[in-house]
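Visitor: Please show me the model, and let us then examine the grounds for each term applied to it.

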Amino acid sequence: MKLLILGATHHVGRAVVGVSLERGDEMATLKSGPSRARGRRGRTTPAPAASHLRPPGHRHPPGCHWHPDGDHHRPGVVVMTMNHLRDLPTAVDRDAFLAALAADGPVSRGAYLDGSPVWLVTGHAESLLVLTDPRFSSDPAKQTTFDLAATAGLPDDVAPYLLRTLGAYDPPDHTRLRRLVSRAFTARRIERLRPRIQQIAEELLDGLPEQFDLIERFAYPLPIQVICELLGVPAEDRDTWRAWAGDLTAPDPARIAAGARGLVAYMTRLIAHKTGQGGDDLLSALITVRDDDGDRLSEHELIALSVSILIAGHETTVGLISQSVHLILTRSLTLGDDDIARAVEEFLRYSGPAEIAVLRYALEPVELGGVTIGAGEAVQVVYAAANRDPSRFEGPHQLDPHRADNPHLGFGHGIHYCLGAALARAETEIALSTLLRRLPGLELAVPADQIGWRPGLQRALAALPVRVRPS
């Protein structure tokens, strides 16, 4: 499942609150014909697995009936298939699938990972409306379509700590909680952190071997060390909670449950240990708020916030740094220091880690993109598709590191805009400029076609083997 955390996303098991997409064979089409529906390129595509489903808000064309099971075609009946997100964890060509989603129009019918009906929003303008219109809620408690805990494989005793994150609240609770942590992530505070981020980056590049995995040796430890220092997590505990965080994405439900329980128990102990000690880290500040005014922050909210900040505070940046380096090396990009900031924005648009937003739920009927979304129906904004909307971006499928007009949704939009966006930008800009300065001969250590995506619900490279070409 992918949980919305700080406006970024994390995934747990098979449930999703924000996901990335890969090309699938089910498409939202209206066609009459043989029992197996035809895709856009004339290929025969299998019927969707969720054969009992009817798409949300579907209105039959005159004389037609909804039949999600293409093997039950009858003359005069329209056979419809739909975009299904179930193949996302094993996506190979994510870009091709995103293009197929967008080809169905800015708003189309689809099926969630568990087969539940969902509206997929791929248009840029339509995405902005969903992300800002109060008629759409982010609170899963206001819907009955999904049992997110069951889909994610989370035990009842810890599910609330991982599901009730900052992104899963509506105002006024969202406003209250965001104010408590926003001061730690202001642009001014992050600017003061830049010298320390620079120091960490320099130290990580000292003594590297000629060939190494850039993710394991640089892209991962940099944001890990920064967020641990910011939050107040002891350095000696990093390997322990990293293993639990890794278990959240495992295919084995027992490992998911163990990882979730381990993280929650660890954070509970750490909070108890730090209580009364004071400190200038974020966790100590939140503990003070809890102790001084329990109405502003409960114990449950403190634990949930702390776990989510710890995970999301590094995961998105790991992906952004590594995927940016991958694009630089595979596209042979030459970037000066003055080019880095704008290039990072284009990397976010073109190949950002967060490809799908937190699920929204319509609180009342809403007209969007030529369809009516009914009250209570789920809506999935697809950031990555909206970021390549030709009605908003010139040459949307071209990577242009000098792109000037770039209102991408890589960090979301509206009240749930990523709280850690300034930190992620600073870390990535510093990582790239330092890497290019220190290792000008950096190149891939394996053929480009041997580098693949990590199985899961987030766009993330499995590894990035590189080597330093001798001067």
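The dialogue below sets values against definitions.

Visitor: What kind of model is this, and what limits apply to its features?
Guide: This is a predicted model, in which local features need pLDDT of at least 70 and side-chain atom pairs count only at pLDDT 80 or more, while totals for chains, interfaces and linings use all residues. Residues are numbered from 1 along each chain as its sequence is written, and side-chain values use heavy atoms, with hydrogens and water left out.

Visitor: What is the mean pLDDT of the protein chain?
Guide: With pLDDT defined as the predictor's confidence in each residue, from 0 to 100, the mean for the protein chain is 81, and 81% of its residues reach 70 or more. Among the elements, helix α2 (residues 124-132) has the highest mean, 98, and strand β3 (residues 29-31) the lowest, 26. Over residues 13-81 the pLDDT is below 50, although this stretch has 198 contacts in the model beyond near neighbours in sequence. Where pLDDT is low, the predicted coordinates should not be read in detail.

Visitor: How many helices and strands does the protein chain have?
Guide: The protein chain has 15 helices and 15 strands. These are DSSP runs numbered from the N terminus: helices are H or I with at least four residues, and strands are E with at least two.

Visitor: Why is A343 called buried?
Guide: Buried means under 20% relative accessible area, exposed over 50%, and partly exposed in between, with a 1.4 Å probe and protein chains only. A343 has 0% relative accessibility, and therefore counts as buried. This residue is found in helix α13. A343 and P401 are 58 residues apart in sequence, yet 4.2 Å apart in space, C-alpha to C-alpha. Not counting residues up to four places away in sequence, A343 touches L335 and P401, where contact means heavy atoms within 4.5 Å.

Visitor: Why does G232 count as buried?
Guide: G232 counts as buried because its relative accessibility is 16%, and the cut-off is under 20%. G232 is found in the loop between α8 and α9 and takes a positive phi of about 100°. Its contacts, leaving aside neighbours within four places in sequence, are L270, K274 and D281. The C-alpha atoms of G232 and L282 are separated by 6.6 Å, with these positions 50 residues apart along the chain.

Visitor: Is S332 buried or exposed, and what makes it so?
Guide: S332 is exposed, because its relative accessible area is 60%. Its place is in the loop between α12 and α13 (340-351), and its phi is positive, about 50°, although S332 is not a glycine.

Visitor: How do you know that the length of helix α6 agrees with its number of residues?
Guide: The expected span is 1.5 Å times one less than the number of residues. For the 19 residues of α6 (residues 187-205) this gives 27 Å, and the end C-alpha atoms are 26 Å apart, so the two agree.

Visitor: Where does α6 have a kink?
Guide: A kink of about 40° lies at L193, shortly before the proline P195. The bend is the angle between axes fitted to the seven residues ending at a residue and the seven starting there.

Visitor: What do the buried residues of α6 pack against?
Guide: They pack against α7 (214-219), α8 (221-231) and α15 (421-438). The buried residues of α6 include I190, L193 and I197. These three are among the contacts of L423, leaving aside its neighbours within four places in sequence.

Visitor: What makes α8 mostly covered?
Guide: In α8, 10 of its 11 residues are buried, among them P221, L222 and P223. Their cover includes α6, α7, α9 (238-247), α11 (282-292), α12 and α15.

Visitor: What makes a set of residues a nonpolar core?
Guide: The term denotes buried Ala, Val, Leu, Ile, Met, Phe, Trp, Tyr and Cys residues joined through side-chain atoms within 4.5 Å. The largest such core has 111 residues, and those with the most contacts inside it are L214, L222, F347, L423, L442 and L464. Helix α12 (residues 299-330) gives the most to this core, with 14 residues. Apart from it lies another core, of 18 residues, including V107 and L131.

Visitor: Which peptide bond is cis?
Guide: The bond from P171 to P172 is cis, with omega near 5°. P172 is found in the loop between α4 (159-163) and α5 (173-182).
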